[in-house]
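Subject: Structure handover

Hi,

Here is the structure I promised to pass on. Have a look at it in your viewer first, then read on for my notes.

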Amino acid sequence: MQHSAVPELAHTHTRPIHWVATAAALAAVVAASGFLQPDKATAAQHGIEAKGAPAAATPPDPTHADYPLDCGPAKVLVQKKASGDLDGDGLPETVAVVRCDAGSGTPPSGVYVLTKTEDTPKAKARVVATLVDPKERLSVKDFAVRDAAVTATLLGYSSPDVPSCCPDVNESAKWQWKNGAFVRSTPPAARSM
């Protein structure tokens with residue numbers, strides 16, 4: 001048997017006191033980490049436009065808006081709504097599908113983009129863009145706001161002779177904010193009759 005050239009050191013043998021000291025040190029680290037917590041995480045937009053924007057602004061309420069829609073004695077009805085930051089400024093816009101609250105028939109829909117005049121819950125919403133004008137005689141189905149884009153399925157008519165009850169054109173549409181305006185695109189093969 002060959003002997004080590006280095007003499008045995010007393011501290012290389014573990015004793016129960018070493019295990020107790022290690023356990024105490026570990027417990028102290030765990031206890032200290034319980035008191036030292038990171039700041040709460042907040043989602044924020046990145047970029048030049050997001051500087052100074054509030055982190056949690058409330059989207060515009062579509063029931064507090066004046067729409068460019070003449071319903072006569074009938075009331076304006078908000079059928080659908082969705083919110084998101086459409087123009088990249090860090091503040092949410094609301095997109096509302098609106099029509100006249102007629103007792104029967106299928107009145108055409110309008111699709112409007114809203115912003116707020118100030119950041120309070122009851123602030124007046126302002127229409128900043130019309131994506132679908134009711135004069136186009138379209139109804140809106142499958143409506144969503146995702147990834148800074150508005151998508152919808154539009155139901156319409158191939159001619160003025162088609163009865164209002166029975167739209168015969170089904171078209172997908174998508175709007176995105178580009179160069180200061182909402183640009184509409186139609187995915188390929190999205191039109192059907």
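Below is what turned up, going from the strands to the cores and then to the charged pairs. Bear in mind that this is a predicted model.

**The sheet**

Let's start with the open sheet, which has four strands in the order β1-β2-β3-β4, paired antiparallel. β1 and β4 (125-132) sit at its edges with a single partner strand each, so one side of each has no neighbour in the sheet. On average, neighbouring strands here are turned by 30° against each other, if you ignore direction.

Zooming in on one pair, β3 (residues 110-116) and β4 are joined in the antiparallel sense by six bridges. If you want a register check, leucine 114 has valine 127 in β4 as its bridge partner.

Threonine 115 is also in strand β3. Is threonine 115 buried or exposed? With a relative accessible area of 19%, threonine 115 is buried, because the cut-off for that is under 20%. Setting aside neighbours within four places in sequence, threonine 115 touches Pro60, Lys124, Ala125, Arg126 and Val128.

**The hairpin**

Next, strands β5 (residues 139-146) and β6 (residues 149-156): they run antiparallel and are joined by six bridges. Alanine 144 faces threonine 151 in β6. The two strands make a hairpin with two residues between them, and aspartate 147 in that turn has a positive phi of about 50°.

**The cores**

Which residues touch the most other members of the largest nonpolar core? They are Val95, Val111, Leu131, Phe143, Val150, Leu154 and Trp175, out of 19 residues in that core. The elements giving two or more residues to it are β2 (93-100), β3, β4, β5, β6 and β7 (169-178), so you'll find the hairpin strands β5 and β6 on that list.

Valine 95 is a handy place to centre your view. Leaving out neighbours within four places in sequence, valine 95 is in contact with residues including Leu86, Val111, Val113, Leu131, Phe143, Val145 and Val150. Another core, of ten residues, lies apart from the largest one, and Tyr67, Cys71, Leu114 and Ala125 are among its members.

**A loop residue**

Alanine 57 is in the loop between α1 (16-35) and β1 (76-84). Alanine 57 is buried, at 18% relative accessible area. Its C-alpha is 7.0 Å from that of proline 92, although the two are 35 residues apart in sequence.

**The charged pairs**

Side chains of opposite charge can pair when their charged atoms come close. How many salt bridges does the model have? The count is two.

One joins the side chains of lysine 124 and aspartate 66, at 3.4 Å from N to O. This pair links distant parts of the chain, 58 residues apart: lysine 124 is in the loop between β3 and β4, and aspartate 66 in the loop between α1 and β1. Lysine 124 is partly exposed at 41% relative accessibility, whereas aspartate 66 is exposed at 57%.

The other is between glutamate 171 and arginine 184, whose closest N and O atoms are 3.1 Å apart. Glutamate 171 is in strand β7 and arginine 184 in strand β8 (residues 181-185), so this pair ties together parts 13 residues apart in sequence. Here glutamate 171 counts as buried, at 12% relative accessibility, while arginine 184 is partly exposed at 33%.

Cheers

Note on methods: Residues numbered from 1 in each chain as written. Predicted model: local features only at pLDDT ≥ 70, side-chain atom pairs only at ≥ 80, totals over all residues. Heavy atoms only, no water. Pairing = 2+ DSSP bridges. Buried < 20%, exposed > 50% of the residue type's maximum accessible area, 1.4 Å probe, protein only. Axes fitted to C-alpha atoms, helices over the stretch in contact; angles between N-to-C directions. Contact = heavy atoms within 4.5 Å. Core = buried A, V, L, I, M, F, W, Y, C linked by side-chain atoms within 4.5 Å. Salt bridge = Lys/Arg side-chain N within 4 Å of Asp/Glu carboxyl O.
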